[in-house]
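Student: I'd like a close look at one part of this protein, please. Could you take me through the pocket and then follow its strands out to the aromatic contacts and the neighbouring hairpin?

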Amino acid sequence: IEPSPTPTPFVSPTPSPTPTPYYYSGDNFSLLFKTSGSVNYQKFGTDIKCSSDGRNFILTSNPYKNGEYTTELSFFKMDDKNQFSKIKQVISSPTEDNLLINPTISNNGENLIIGNPDFIIATDQGTSNVETIAFAGSLTYYNYEQGVNRYVSKNRITSQNPSSFSRFGSVHKVSDNGELVVVNKIISGNNCFEILQKVGDSFQHNGTVVDSAFLGNASDSTADKLNSIFALSRNGTRLIVSIKGSNKLAIIDTSDGTAITEFSLEYNNTELVSLETDETASVILVRMEQEFLIYEKSNDTSVSYTH
């Protein structure tokens, strides 16, 4: 008996544009590398994520396989001659993870962090008291091994206090070296930020920012809550968060989750769209609904910001 062919999707997906990285030569952008999908319904290049120096990038595809769309990640590295080559490896979404969200790669191409927000945690496995925490979520940490020319899974990272439907890993940011991760999660309807530091092949918990008291793991019922919008300095030492119901931003030391300073914006942060910062959080770009604001420290030792 011949196997049944994979069914064609009822509605043909709209082809996605071919991903095309460019580089800036000083006067204009020039073509650096071009690639394309190879099969029907591959949806190759639905998303592209680069390291901050542009020497490593990840392409996301959503091919139609075995009667459903799945998620696949492909990896590309730049060599010493500034030529890109594809690593002969594809990471696909297994059934227990369902999603591969926000893949982030370090500048040296060695560390890779991928969100798995639909991951289900099973406790007390091997006993009669097995329980599951539905959609608790996780991150997966991969390390590039030169000898096999591929990314090898090293560690699954879960919340220090996992809870059902918190979908840990949906929103996260990673330092340039891939060794510090900040994850936004929801606890009892409120935003909090878990700070994780790489030690060996695993990540340890540095603290959790839960409200504007910034007590590092502890909460204060009288303190203001936080918005979900945040930024992480490229070196991973500073976390910038927005305080809900005010016009304030806070600068957090990621080594322990406590605040270094707070300062006020010219507008209420209900108009806030996004935050970006540089290597050391000396400059902060604030995107509002109708304009951009730039705040800068007066010097390297200062903790105050001016507009």
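Tutor: Happy to; we will start at the pocket, move to a sheet, and then turn to ring pairs and a run of strands. Keep in mind that this is a predicted model.

The largest pocket has a volume of about 420 Å³. Its lining is made up of 22 residues, and those closest to the centre are Thr-104, Lys-173, Val-174, Asp-176 and Leu-232. By chemical class, the lining residues split into 7 nonpolar, 10 polar and 5 charged. Which strands supply at least two residues of this lining? They are E3 (44-50), E9 (101-105), E15 (171-174), E19 (226-232) and E23 (272-277). Of the contributors, E9 gives the most, with 4 residues.

Strand E9 makes a good bridge to the next topic. Besides serving the pocket, E9 belongs to an open sheet of 4 strands, ordered E9-E10-E13-E14, with antiparallel pairing. The edges of this sheet are E9 and E14 (150-157), each of which pairs on one side only. On average, and with direction ignored, neighbouring strands here are turned by 20 degrees against each other. Inside the sheet, E10 (residues 111-116) and E13 (residues 138-145) pair in the antiparallel sense over 6 bridges. If you want a specific contact to display, Ile-113 has Tyr-141 in E13 as its bridge partner.

Tyr-141 is worth following, since it leads to the aromatic contacts. A search of the whole structure finds 13 aromatic pairs. For comparing them, there is a simple description: a pair of aromatic rings is characterised by the distance of the centres and the angle of the planes. Take Phe-33 and Phe-84: their ring centres lie 5.5 Å apart and their planes stand at 55 degrees, so this pair is tilted. Phe-33 sits in the loop between E2 (29-31) and E3, while Phe-84 is in E8 (residues 84-92), so the pair links distant parts of the chain, 51 residues apart. Phe-33 and Phe-84 are both buried. Now back to Tyr-141, whose ring has its centre 5.4 Å from that of Phe-203, with the planes at 80 degrees, so the pair is edge-to-face. Because Tyr-141 lies in E13 and Phe-203 in E18 (residues 202-209), the pair ties together parts that are 62 residues apart in sequence. Tyr-141 and Phe-203 are buried as well. Ring pairs also link Phe-33 and Phe-84 with Phe-57 and Phe-76 into a cluster.

Finally, the hairpin. Strand E24 (residues 283-288) is joined to E25 by 5 bridges, and the two run antiparallel. The hairpin connection from E24 to E25 passes through 3 residues. Within this pairing, Arg-287 has Phe-292 in E25 as its bridge partner. E25 is also joined to E26 (residues 305-306), by 2 bridges and again antiparallel. There, the bridge partner of Glu-296 is Thr-306 in E26. Which residues of E25 (residues 292-297) make up its covered face, and which its uncovered one? Leu-293, Tyr-295 and Lys-297 are on the covered face, whereas Phe-292, Ile-294 and Glu-296 are on the uncovered one. That fits a general rule: in a regular strand the side chains alternate between the two faces of the sheet. Both bridge residues named for E25, Phe-292 and Glu-296, therefore belong to the uncovered face.

Terms used: Residues numbered from 1 in each chain as written. Predicted model: local features only at pLDDT ≥ 70, side-chain atom pairs only at ≥ 80, totals over all residues. Heavy atoms only, no water. 1 Å grid on protein atoms, 1.4 Å probe; cavity = no way out; pocket = protein on both sides within 12 Å on 5 of 7 lines; lining within 4 Å. Points joined across faces, edges and corners; volume = space filled by probe spheres on them. Nonpolar A, V, L, I, M, F, W, Y, C, P; charged D, E, K, R; others polar. Pairing = 2+ DSSP bridges. Axes fitted to C-alpha atoms, helices over the stretch in contact; angles between N-to-C directions. Buried < 20%, exposed > 50% of the residue type's maximum accessible area, 1.4 Å probe, protein only. Phe/Tyr/Trp six-rings, centres within 6.5 Å; stacked < 30°, edge-to-face > 60°.
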